[in-house]
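Visitor: I'd like to learn how to read strands and the helices around them. Could we walk through a case together?

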Amino acid sequence: GLNFLDLMVRQGNIDNPPKTPLVPGFECSGIIETIGDNVKGFEIGDRVMAFVNYNAWAEVVCTPAEFVYKIPDDMSFSEAAAFPMNFVTAYMMLFEVANLREGMSVLVHSAGGGVGQAVAQLCSTIPSVTVFGTASSFKHEAIKDSVTHLFDRNADYVQEVKRISPDGVDIVLDCLCGENTGKGLSLLKPLGTYILYGSSNMVTGETKSFFSFAKSWWQVEKVNPIKLYEENKVIAGFSLLNLLFKQNRSGLIKSVIDKLINLYNNKKIKPVVDSLWALEEVKEAMQRIHDRGNIGKLILDVEKAPTPLMANDSTETSEAGEEEEDHEGDNENKERMPFIQ
């Protein structure tokens with residue numbers, strides 16, 4: 001799986017970035033080739049998905065058994081590689097942190113991305129949940145059915161939300177950071193929960209920029225604990241990888257995966273795969289995420305041959321089911337568009 005976090009790792013916009021040489025990637029799917037002597041519950045040949053603390057973008061991956069999960073027979077490997085990070089993150093934020101219940105309302109940014117689509121699907125499993133989403137306008141046609149109220153990511157969504165729901169929303173899921181932190185807090189109802197789970201606004205160009213990094217944090221409004229107390233608001237943060245690899249909550253994550261697989265088997269949720277890319281095409285794949293051109297998840301497929309060079313295509317097709325016209329802000333020099341399989 002390819003995540004926005006991988007772009008942040010590449011640019012060094014994370015705490016304690018790893019030293020190079022480095023194989024990126026935090027999730028994968030495949031077939032078990034070898035197991036350790038004391039491993040129980042798995043056999044060679046099992047179809048599985050897994051979390052990995054780096055090194056996922058490879059033909060062969062090794063990870064502790066506590067981070068490995070069997071996948072349903074009718075789940076494809078591309079779906080399985082799109083499943084762990086997005087759906088576990090969405091589920092934990094909605095149900096473990098924010099306690100989503102019937103009749104609540106949720107605001108999610110990047111509604112067309114992997115986590116955004118997972119959030120929308122999980123919200124649909126609870127009666128009468130209203131989902132407000134922001135996304136690039138060219139994605140609206142493809143994702144309009146998964147989100148109750150959809151706004152352009154560059155529009156004044158605060159006023160739009162307040163026009164529809166004057167009291168605000170119960171849950172804000174913020175992967176952008178910067179000025180959106182203050183906006184999100186201002187939209188919270190009493191007893192509402194704001195959750196920061198990323199800071200994609202810090203990734204602005206091809207290289208790490210101290211100035212863009214500083215500007216993004218400078219726009220974050222200072223949180224006054226007394227104000228939180230007076231307004232009955234909750235502010236939280238969520239990092240799935242820290243929960244797994246630093247805080248030893250693999251047992252909790254395993255229980256969440258079990259619940260998610262049950263929802264998948266009951267046809268309540270289904271990963272949205274935007275496109276498949278060969279390992280050699282990782283530059284173009286990362287550019288597509290950087291330009292926010294994807295609807296759902298991008299997958300690196302180790303068995304896929306690079307797509308032949310194509311003339312400037314005017315359209316792209318995603319597994320979300322819509323044909324998208326070239327749009328402002330997309331990569332004008334895109335050389336390849338992978339075949340959807």
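Guide: Let's take the strands one group at a time, keeping in mind that this is a predicted model.

Visitor: Where do I start with the open sheet: how many strands does it have, and in what order?

Guide: Follow the pairing from one strand to the next. Here 3 strands line up in the order 1-2-3, with antiparallel pairing. Strand 1 (27-31) and strand 3 (68-70) are the edges, each pairing on one side only. On average, neighbouring strands in this sheet are turned by 25° against each other, direction ignored.

Visitor: Over how many bridges do strand 1 and strand 2 pair?

Guide: Strand 2 covers residues 47-51, and its antiparallel pairing with strand 1 runs over 5 bridges. For one register point, look at Glu27, whose bridge partner in strand 2 is Phe51.

Visitor: Which strands does helix 11 touch?

Guide: Helix 11 (residues 250-265) packs on the sheet against strand 2 and strand 3, its direction making about 25° with that of strand 3. Helix 3 (residues 84-97) lies across strand 1 and strand 2, at about 60° to strand 2.

Visitor: And side chains along a strand?

Guide: In a regular strand they alternate between the two faces of the sheet.

Visitor: Why is strand 10 described as largely enclosed?

Guide: Buried means under 20% relative accessible area. In strand 10 (residues 273-277), 5 of the 5 residues are buried, so the rest of the structure largely encloses this strand. From there the chain passes through helix 12 (residues 282-290) to strand 11, a right-handed β-α-β crossover. Strand 10 and strand 11 (residues 297-300) pair in the parallel sense over 4 bridges, and Leu276 sits opposite Ile299 of strand 11.

Key:
Residues numbered from 1 in each chain as written. Predicted model: local features only at pLDDT ≥ 70, side-chain atom pairs only at ≥ 80, totals over all residues. Heavy atoms only, no water. Buried < 20%, exposed > 50% of the residue type's maximum accessible area, 1.4 Å probe, protein only. Helix = DSSP H or I, 4+ residues; strand = E, 2+ residues; numbered from the N terminus. Pairing = 2+ DSSP bridges. Right-handed = clockwise from strand over helix to strand, strands pointing away. Axes fitted to C-alpha atoms, helices over the stretch in contact; angles between N-to-C directions. Contact = heavy atoms within 4.5 Å.
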